[in-house]
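This report describes a protein model from its helices outward to its surface. The sequence and the structure are shown below.

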Amino acid sequence: MTTLYEVVTVKLGYKKLCARWVPKMLTEEHKKKMMGFALDFLTRYAEAGDVFLDQIVTGDETWVYHYTPESKQQSMQWCHSNSPKAKKCKASISTKQILASVFGTDKAFFCWN
């Protein structure tokens with residue numbers, strides 16, 4: 001153990017840790033807005049009951065590739081033992097992609113890109 005390492009770890013109490021991956025970094029302002037929305041939803045639910053839940057629309061979005069090649073397992077076929085072996089070129093995932101958005105309630109869903 002080097003002297004520098006000993007000073008940093010033992011005397012100063014530092015540790016080397018990996019950062020945890022999170023989907024988004026929220027600011028304090030974002031957190032306050034989200035808390036405000038949650039409290040507003042709870043208030044509305046307390047006033048209207050289950051009828052309020054029918055009015056909520058949720059949504060999500062994801063990037064979808066134009067072309068995703070089938071895997072080796074997916075491309076398997078039944079062939080006779082005397083049949084010639086099938087050949088297939090290795091294909092890569094398309095570089096072009098689209099953003100797919102899905103929104104819906106408990107009764108209907110809407111999707112567009």
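## Helices, fold and surface

In this predicted model, helix H2 covers residues 28-48 and therefore has 21 residues; the distance from its first C-alpha to its last is 30 Å, close to the 30 Å expected at 1.5 Å a residue. Gly49 follows H2 and has a positive phi, near 75°.

H2 belongs to a protein with three helices and three strands. Along the sequence, these elements are arranged in the pattern α-α-α-β-β-β. Where contacts link residues at least 6 apart in sequence, 64% of them join residues at least 24 apart.

The following table gathers the values computed for the protein.

| Property of the protein | Value |
|---|---|
| Share of the 113 residues that count as buried | 6% |
| Exposed area | about 11,500 Å² |
| Share of the exposed area supplied by carbon and sulfur atoms | 61% |

On the surface, a nonpolar patch is formed by Leu4, Val7, Val8, Leu12 and Tyr14. Together, these residues have about 490 Å² of accessible area. One of them, Leu4, lies in helix H1, which spans residues 3-11.

Is Leu4 of this patch buried or exposed? Leu4 counts as exposed because its relative accessibility is 64%, and the cut-off for that class is over 50%.

Key:
Residues numbered from 1 in each chain as written. Predicted model: local features only at pLDDT ≥ 70, side-chain atom pairs only at ≥ 80, totals over all residues. Heavy atoms only, no water. Helix = DSSP H or I, 4+ residues; strand = E, 2+ residues; numbered from the N terminus. Buried < 20%, exposed > 50% of the residue type's maximum accessible area, 1.4 Å probe, protein only. Contact = heavy atoms within 4.5 Å. Areas by Shrake-Rupley, 256 points an atom, 1.4 Å probe, with all protein chains shown as cover. Patch = residues over 30% accessible without salt bridge, like charges linked within 9 Å, V, L, I, M, F, W, Y side chains within 5 Å. Salt bridge = Lys/Arg side-chain N within 4 Å of Asp/Glu carboxyl O.
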